[in-house]
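Visitor: I would like to be walked through the side-chain contacts of this protein, one step at a time. Could we begin with the structure itself on view?

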Amino acid sequence: MTQKNEVYKCALCGNIVEILHAGAGELVCCGQAMTLMTENTVDAAKEKHVPVITKVDEGYKVSVGAVPHPMEEKHWIEFIELIADGKVYRQNLSPGGTPEAIFCIKADQVSAREYCNLHGLWKA
């Protein structure tokens, strides 16, 4: 059984999907079951991945790592999400950009997650 907002990845082609509506079926891509991504929360590597959430005048700023994460062609942050009062807001990123996003919203409860193309899904 899938759960809303879970993220799955195909081990063969790299497709990534996020569950919008939970269901009982199995997610399949390239003829095999997709893998549920685990949200990491503790940095042990040289690169820092845990999102840092800061309240700003416009809403919320989410940066990846206390020290900015690399944004190179072979190693970069693909997206940042802010989950605010049960709604999901996503900013897609590109190599060469900055590993941060500003979400112009008001919310009482927020969490954030990001996806590194090499080191997976991270949450704060």
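**Salt bridges and ring contacts**

Guide: Let us start with a charged pair in this predicted model: Glu81 and Arg113 form a salt bridge, and their closest N and O atoms are 2.6 Å apart. The two partners come from distant parts of the chain, with Glu81 in strand 8 and Arg113 in strand 11, and the distance between them along the sequence is 32 residues.

Visitor: Are Glu81 and Arg113 buried or exposed?

Guide: A residue counts as buried when its relative accessible area is under 20%. For Arg113 the relative accessible area is 3%, so Arg113 falls under that limit. Taking the two partners of the bridge together, Glu81 and Arg113 are both buried.

Visitor: How far apart in sequence are the parts that Glu18 and Arg113 tie together?

Guide: The side chains of Glu18 and Arg113 meet in a salt bridge, at 2.9 Å from N to O. Because Glu18 lies in strand 2 (residues 16-18) while Arg113 lies in strand 11, the parts that this pair ties together are separated in sequence by 95 residues.

Visitor: Arg113 also forms a salt bridge with Glu39; is Glu39 buried, partly exposed or exposed?

Guide: In the bridge between Arg113 and Glu39, the closest N and O atoms are 2.6 Å apart. Glu39 sits in the loop between strand 5 (35-36) and strand 6 (51-56), so its pairing with Arg113 in strand 11 ties together parts that are 74 residues apart in sequence. Buried residues have under 20% relative accessible area and exposed residues over 50%, and since the value for Glu39 is 29%, Glu39 is partly exposed.

Visitor: Which residues are joined into one network by salt bridges that share partners?

Guide: A search of the whole structure finds seven salt bridges. Where such bridges share partners, they join residues into one network, whose members are Glu18, Glu39, Glu81, Arg90, Arg113 and Lys123.

Visitor: Why does the pair of Phe79 and Tyr115 count as stacked?

Guide: The count of aromatic pairs comes to one. Planes under 30 degrees apart count as stacked, and the rings of Phe79 and Tyr115, whose centres are 5.9 Å apart, are therefore a stacked pair, because the angle between their planes is 10°.

Visitor: Which residue lies over the face of Phe79?

Guide: Phe79 is itself buried, since its relative accessibility is 8%. Over the face of the Phe79 ring, at 5.8 Å from the ring centre, lies Arg90.

Notes. Residues numbered from 1 in each chain as written. Predicted model: local features only at pLDDT ≥ 70, side-chain atom pairs only at ≥ 80, totals over all residues. Heavy atoms only, no water. Phe/Tyr/Trp six-rings, centres within 6.5 Å; stacked < 30°, edge-to-face > 60°. Buried < 20%, exposed > 50% of the residue type's maximum accessible area, 1.4 Å probe, protein only. Lys NZ or Arg CZ within 6 Å of the ring centre and 35° of its normal. Salt bridge = Lys/Arg side-chain N within 4 Å of Asp/Glu carboxyl O. Helix = DSSP H or I, 4+ residues; strand = E, 2+ residues; numbered from the N terminus.
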